[in-house]
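Subject: Structure handover

Hello,

Here is the structure for you to look over. My notes on what was found follow below.

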Amino acid sequence: DYIIEAASTEVFKDIGVKILASGISLIPLSAGALADKEFYNNIKETALKNNCRVHIPSGAVGGFDVLRASMLMEDVEVSISTEKSPKSLNGAPFLKGRKLSEEKAEEIFTGFAMEAIEHFPENVNVAVVTALATTGVENTKVSIISIPGFESNKHEIKLVGETISVNVIVETTPSKDNPKSSTLAAYSVISLLKNLVAPITF
């Protein structure tokens, strides 16, 4: 059995451990909650104790197969930049009520994934997922850029090592129902479910 969480990081924190304690595997879209180390460890320990799993969907990004393989090769640095319209970013706690310019582009945040999800809880679950798959939430650099008139959500992941360099760019149209997210995130869950039951998996 699987339960899909598609509500918020707060809801995931409230129900995640309870679901796993019931022996049911979990597919969380609000994976940004896992930036909290204590919660992450509780989720991991509960899943192990109850013989179930947490399957993290790729959401609005991808390329985690090559990113994780690269991590096994050598030490690397990883960053992710996110470009969205002001409408998609307005309302984030980091802005403290300030409305972003509708006339000029601006980089509104630079930092690490752990900070980014705290300041932009509805916008950068992708940053935490990328961090968890690679160098961790304290080491994965994040940049968020507001671009007036931009009609897409664009994420660019860069991994750089001594012998390997990886660039993953995903640009999608925001969800009509929720401009802070991408329709691709929902389809990533469908893809994950199909993979879980397929005789040949990727």
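**Salt bridges, domains and one serine**

Lys-18 and Asp-14 sit four residues apart in helix α1, which puts about one helical turn between them. Before going further, please note that this is a predicted model. These two residues form a salt bridge, with 3.7 Å between the closest N and O atoms of Lys-18 and Asp-14. Lys-18 is exposed, at a relative accessible area of 54%, while Asp-14 is partly exposed at 48%. The cut-off matters here: exposed means over 50%, so Lys-18 and Asp-14 get separate labels although their values are 54% and 48%.

The count for the model is four salt bridges. Another of them also involves helix α1: the side chains of Lys-13 and Asp-36 meet with an N to O distance of 3.0 Å. Lys-13 is in helix α1 (residues 9-21), whereas Asp-36 is in the loop between β2 (25-28) and α2 (37-49), so this pair ties together parts that are 23 residues apart in sequence. Both partners are partly exposed, Lys-13 with a relative accessible area of 40% and Asp-36 with one of 29%.

A further salt bridge joins Glu-138 to Lys-37, with the closest N and O atoms 3.4 Å apart. Glu-138 belongs to the loop between α6 (125-133) and β5 (141-146) and Lys-37 to helix α2, so the parts tied together here are 101 residues apart in sequence. Glu-138 is partly exposed, its relative accessible area being 43%.

That pair leads on to the domains. The domain assignment splits the protein into domain 1 (2-56) and domain 2 (64-175). Their centres, taken over C-alpha atoms, are 22 Å apart. Ten residues from domain 1 and nine residues from domain 2 take part in the contact.

How much area is buried between domain 1 and domain 2? The figure is about 690 Å², and carbon and sulfur atoms give 72% of it. On the domain 1 side, Gly-32, Ala-35 and Lys-37 supply 51% of the area buried against domain 2, more than any other three residues.

As for polar links across this interface, the count between domain 1 and domain 2 is one salt bridge. The side chains of Lys-37 and Glu-138 meet in a salt bridge at 3.4 Å, N to O. Three residue pairs are in polar contact across the interface of domain 1 and domain 2, with both residues of each pair at pLDDT 80 or more. Sorted by class, the side of domain 1 that touches domain 2 has six nonpolar, three polar and one charged residues.

The last item is Ser-88, which lies in helix α4 (residues 86-89). Is Ser-88 buried or exposed? Ser-88 counts as buried, with a relative accessibility of 1%. The cut-off for that label is under 20%, so Ser-88 meets it. Leaving aside residues up to four places away in sequence, Ser-88 touches Asn-123, Asn-153, Pro-179 and Lys-180.

To go through this on screen, you could begin with Lys-18 and Asp-14 in helix α1, then turn to the salt bridge of Lys-37 and Glu-138, and finish at Ser-88 in helix α4.

Regards

Key:
Residues are numbered from 1 along each chain as its sequence is written. This is a predicted model: local features need pLDDT of at least 70, side-chain atom pairs count only at pLDDT 80 or more; totals for chains, interfaces and linings use all residues. Side-chain values use heavy atoms; hydrogens and water are left out. Helices (H or I, at least four residues) and strands (E, at least two) are DSSP runs, numbered from the N terminus. Buried means under 20% relative accessible area, exposed over 50%, partly exposed in between (1.4 Å probe, protein chains only). Domain bounds come from an automatic or database domain assignment. Contact means heavy atoms within 4.5 Å. Buried area is the accessible area (1.4 Å probe) that two parts lose on being put together, summed over both. A polar contact is a pair of N or O atoms within 3.5 Å; within protein, one must be able to donate a hydrogen and the other to accept it, and residues adjacent in sequence count only if both atoms are side-chain atoms. Ala, Val, Leu, Ile, Met, Phe, Trp, Tyr, Cys and Pro count as nonpolar, Asp, Glu, Lys and Arg as charged, and the others, Gly among them, as polar.
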